[in-house]
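Visitor: I'm new to this one and would like a close look at a single part. Could you take me through the aromatic ring pairs, and then carry on to whatever else is worth pointing out?

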Amino acid sequence: KMAENSEIIAMFSTGMSFKRLMRPYMISAAIIALVTYGLGAYVIPKGNVTRLDFEDKYKRKKKQEYVRNVQLEVDSGVIAYLERYENYNKTAYRFSLDKFKDKQLVSHLTARSAVYDTTSLHKWTLKDYMIRHMDGMKETITKGSRLDTIIKMEPQDFLIMKGQQQTMTSPELKEYISKQKQRGFANIKEFEIEYYQRIAMSFAAFILTIIGASLSTRKVKGGMGLHLGVGLALSFSYILFQTVSATFAVNGSTPPVIAVWIPNLLYSFIAVYLYRKAPR
């Protein structure tokens with residue numbers, strides 16, 4: 001609108017640089033970026049919990065309630081295995097826990113079932129258990145009907161539900177990704193994409209602001225309709241490209257951090273080109 005009314009031409013005629021003209025827009029972009037990241041990293045995930053529960057109940061009407069044949073490293077040299085886990089009663093069946101020291105098996109625990117205690121972190125109750133302790137050629141066996149113990153795993157570590165990554169704050173996502181990588185889990189790409197995408201989408205405010213301002217400062221015949229159309233087309237194409245590039249990481253071999261930042265890198269070149277071509 002300012003360009004259409006020749007106000008920008010008047011600003012330039014007083015000696016104002018394009019860089020100075022961009023300053024308030026970049027400050028606004030910084031505020032938008034901070035708010036976007038804050039909402040996406042801390043506020044929206046809490047709301048997604050309610051939304052996904054609603055969709056599971058009324059839309060999909062099918063929630064992941066069990067998982068089979070899970071094996072994971074719960075601690076350094078400690079491998080857990082469970083044949084089946086049912087979420088409605090928080091119970092893992094045919095549970096075993098192997099402890100290794102210097103690549104040698106030193107302890108082997110088996111239990112008919114293991115029940116997760118939701119009131120305490122990492123607390124499990126083993127039923128009908130047997131523990132074999134190996135010390136060289138010597139072996140000791142301990143049996144019992146019930147044992148309360150601490151095992152560094154939670155149901156959410158192996159019962160991955162659709163959209164679960166959207167319910168985690170960024171610090172929770174970072175911790176979850178680090179923990180799952182240590183355990184050797186391979187299906188965490190969607191969690192990595194969600195984590196890096198929140199950061200990348202915040203930087204989009206700067207890129208799209210530079211593109212929009214560089215396009216709109218030039219006065220053209222026909223009014224500002226062309227500028228609005230080009231700006232909207234670039235914005236929509238950026239969002240589309242962001243979605244498409246994420247699938248490269250999920251279904252292909254592209255690292256999530258690279259796939260998420262590809263649209264930013266491409267549109268950064270467009271922003272730099274338009275900035276240099278903007279009227280001075």
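Guide: Let's start with the rings, keeping in mind that this is a predicted model. The count of aromatic pairs comes to 7. Take Phe 203 and Phe 206, one of those pairs: their ring centres are 6.3 Å apart, the planes meet at 45 degrees, and the pair is classed as tilted. Both residues sit in helix 4, which covers residues 189-216, and because they are 3 residues apart there, about one helical turn separates them. How open are they to the outside? Phe 203 is partly exposed, at 41% relative accessibility. Phe 206 is also partly exposed, and its relative accessible area is 27%.

Now compare that with another couple of rings. Tyr 238 and Tyr 267 form an edge-to-face pair, with 5.4 Å from centre to centre and 85 degrees between the planes. Tyr 238 belongs to helix 5 (residues 225-251) and Tyr 267 to helix 6 (residues 256-277), so this pair ties together parts that are 29 residues apart in sequence. Both of these tyrosines are buried. If you wonder why two numbers keep turning up, it is because a pair of aromatic rings is described by the distance of the centres and the angle of the planes. Before we leave the rings, go back to the two phenylalanines for a moment: ring pairs link Phe 203, Phe 206 and Trp 261 into a cluster.

Next, have a look at the strands. Strand 1 and strand 2 pair in the antiparallel sense, over 8 bridges. They make a hairpin with 2 residues between them, and in that turn Gly 77 has a positive phi of about 75 degrees. Strand 2 (residues 78-86) then runs antiparallel to strand 3 (residues 91-101), and 8 bridges join them. That makes another hairpin, this time with 4 residues between the strands, and Lys 90 in the turn has a positive phi of about 55 degrees. Carry on to strand 3 and strand 4, and you find an antiparallel pairing over 10 bridges. These two form a hairpin as well, with 2 residues between them, and Asp 102 in the turn has a positive phi of about 55 degrees.

You can follow a path across these strands, residue by residue. Begin at Gln 71, which stands opposite Tyr 81 in strand 2. Tyr 81 in turn stands opposite Ser 96 in strand 3. From there, Ser 96 stands opposite Thr 110 in strand 4.

A word on those positive phi values: they catch the eye because most residues other than glycine have a negative phi. Asn 69 is not a glycine, yet its phi is positive too, at about 50 degrees. You'll find Asn 69 in strand 1, and it counts as exposed because its relative accessibility is 51%, just past the line of over 50%. Asp 128 is another such case, with a positive phi of about 50 degrees although it is not a glycine.

Asp 128 also takes us to the charged side chains, where the count comes to 8 salt bridges. Asp 128 forms one of them with Arg 112, and the closest N and O atoms are 2.6 Å apart. Asp 128 lies in strand 5 (residues 123-135) and Arg 112 in strand 4 (residues 104-116), so the bridge ties together parts that are 16 residues apart in sequence. Asp 128 is partly exposed at 40% relative accessibility, and Arg 112 is partly exposed at 48%.

Another salt bridge joins Asp 75 to Lys 152, with 3.7 Å between the closest N and O atoms. This pair links distant parts of the chain, 77 residues apart: Asp 75 is in strand 1 (residues 66-75), while Lys 152 is in the loop between strand 6 (138-150) and helix 3 (170-182). Asp 75 is partly exposed, with a relative accessible area of 36%, and Lys 152 is partly exposed too, with 45%.

For a last stop, try Arg 146 and Asp 148. Their salt bridge has its closest N and O atoms 3.7 Å apart. Which of the labels, exposed or partly exposed, fits Arg 146? Arg 146 counts as exposed, because its relative accessibility is 53%. Its partner Asp 148, at 42%, counts as partly exposed.

Conventions:
Residues numbered from 1 in each chain as written. Predicted model: local features only at pLDDT ≥ 70, side-chain atom pairs only at ≥ 80, totals over all residues. Heavy atoms only, no water. Salt bridge = Lys/Arg side-chain N within 4 Å of Asp/Glu carboxyl O. Buried < 20%, exposed > 50% of the residue type's maximum accessible area, 1.4 Å probe, protein only. Pairing = 2+ DSSP bridges. Phe/Tyr/Trp six-rings, centres within 6.5 Å; stacked < 30°, edge-to-face > 60°.
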